Amino acid sequence: MKLRHLFAYLAFFLALPASVLGGVLPDDRGDMLYHRYEGGGVTIDGPSVLVRKKAGKSLSFVGNYYLDMVSSASIDVITTASPYTEEREQWSLGMDYLRGNTTMSMNYVSSVESDFDASTYAFSVSEDMFGDLTTLTLSYAYGEDIVGRSDDPTFRRENTRQHYGVGLTQILTRNLITTLNFETVTDEGFLNNPYRSVRYLDPGSARGFSFEPELYPETRTSNAVGLRARYFLPYRAAIEGEYRFYTDTWEIQGHTASLTYVHPWGPFSFEGKFRYHDQTGAAFFRDIFSRSEATNFRARDKELSPLTSYTFRAKVSYEFIDPNRGWGIFKRGSLNFSLDHLFVEYHEFRDITSGPLGEEALYELKANVYQIFVSFWY
Amino acid sequence: MNTKFAKTGQILLALLAFYGLSACSVEPWVKPYERDRLADPIMALDGDPVSTAYIQHVYEAREGARGGEGAAGGGCGCN
């Protein structure tokens, strides 16, 4: 019941070019963030530190350190295992090289848990066109994971992952910028969680069911297309809409939409966001199987269940260094706090602690995500 | 579903071909001196990359979908 695969996907994110508009290297900056997730019996917190610095006019280097400290007594853990604590540590190093209107980026990410190691290598190219109104980005990443088990030192499985991305950023008017992203991710190897179990009807058991290990297919390919549009309102505020369509070979299909509003007020900036996500479940997900080994593949991971999630965000930022004046070597500085409230309704995954078999309530998750961070530009 | 994505891919390729062929001939309709609003920090598509990466990480941990949102992303099966 450990954090699985997550860093690898995060690595793809980190690997993408930092500059949305190619032809310009990203600003030199430093960020120090503390994050905390609380919900569903799980607490995860830790720091993230990023430093980015140019070297000459053509090169920019970036490094990131990220730590998750996990304390978990989630619904899965309390029903089939014991609460645990663990850490996940991640390092990444990257470089952007600008030549004319082309930006090339390389990135390496390493993540280590007690029972899960991963490395990701990424490369992308961005090209500015039409007098810098259009930026086309092509990206590729390759990841290798090694999956272990904390209770079995001989257990070792491997995964590989490849990511292909095409992104188009387009300035449409002097007030409107849009992006279109298309992404394909393919996985191959040991994709299920070595700790998680599924349950099946078992008349011989006192509760009427028993557990057996999950078994996933060894391949997965997903496709996602996302469209964002951000508009500058006449009284200096910004509004952004986003939509994503997702589908994969496990037969999960999802729709995600969000609306964000940003309102500056003196040195402060306030942001509100609502995000909605709805998905079907994986073909081999069941809350309870009819018998042991009832199907070729089986899962009871609640994230593979049909579900609907809602996120409400409030964020406030304070510019403590006036960007018009600066302060010493610093051009700008901001202090930021955000709270995201996440509510997930699972449409098939049931809370087996809520009652006897047949009377169990559908599981619901409520979580709060806190972030506090300081950013400097120099 | 594959058909839908095949169509999406064809449209994408057509768009890319259009951009490629017309890149030399199109006059930028938003001049550099008209981009002051787009340069405002409130219009940054990813003004806080560390924060964005983290919250994407949370979404991907709690949902079955991955990629296509924000800059990029992914799914996960963690608890």
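**Reading a strand-rich chain and its shared core**

Author: Let's start with the secondary structure: chain A has 2 helices and 18 strands. Keep in mind that this is a predicted model.

Reader: How does the radius of gyration of chain A sit against the globule rule?

Author: The rule gives 21 Å for 378 residues, and chain A comes out at 22 Å, so it is as compact as a globular protein of that length. For the outline, its C-alpha atoms fill a box of roughly 75 × 40 × 35 Å along the principal axes.

Reader: And what share of the residues of chain A count as buried?

Author: That would be 42% of the 378. You can also look at the contacts in chain A between residues at least 6 apart in sequence: 59% of them join residues at least 24 apart.

Reader: Okay, on to cores. Where do nonpolar side chains tend to be in soluble globular proteins?

Author: They tend to be buried together. Here the largest nonpolar core has 25 residues, and the members touching the most others are Tyr37(A), Val369(A), Val50(B), Tyr54(B) and Val58(B).

Reader: Which elements each supply at least two residues of this core?

Author: From chain A, you have strands S1 (29–39), S2 (42–55), S3 (59–72), S17 (332–350) and S18 (362–377). Chain B adds helix H3 (49–62). H3(B) gives the largest share, 7 residues.

Reader: Which residues does Val58(B) contact, leaving aside its neighbours within four places in sequence?

Author: Val58(B) is in contact with Tyr37(A) and Val369(A). There is also a second, separate core of 15 residues, with Tyr200(A), Tyr216(A), Ala224(A) and Val225(A) among them.

Reader: Now backbone angles. Which phi value does Asp132(A) have?

Author: With this feature, you look at the sign of phi and at the residue type. Phi of Asp132(A) is near 70°, which is positive, and the residue is not a glycine. Asp132(A) sits in the loop between strand S6 (116–129) and strand S7 (134–149) of chain A.

Reader: Why does Asp132(A) count as partly exposed?

Author: Because it has 17 C-beta neighbours inside 10 Å, and partly exposed is the class between 12 or fewer, called exposed, and 20 or more, called buried.

Reader: Where is Arg236(A)?

Author: Look in the loop between strand S12 (219–233) and strand S13 (237–248) of chain A. Arg236(A) has a positive phi too, about 60°, although it is not a glycine. With 13 other C-beta atoms within 10 Å, Arg236(A) is partly exposed.

Conventions: Residues are numbered from 1 along each chain as its sequence is written. Chains are lettered from A and ligands numbered from 1 in the order in which they are written. This is a predicted model: local features need pLDDT of at least 70, side-chain atom pairs count only at pLDDT 80 or more; totals for chains, interfaces and linings use all residues. Helices (H or I, at least four residues) and strands (E, at least two) are DSSP runs, numbered from the N terminus. The radius of gyration is taken over C-alpha atoms; the globule rule is 2.2 Å times the number of residues to the power 0.38. Two residues are in contact if their C-beta atoms, placed from the backbone, lie within 7 Å. A nonpolar core is a set of buried Ala, Val, Leu, Ile, Met, Phe, Trp, Tyr and Cys residues joined through C-beta atoms within 7 Å.
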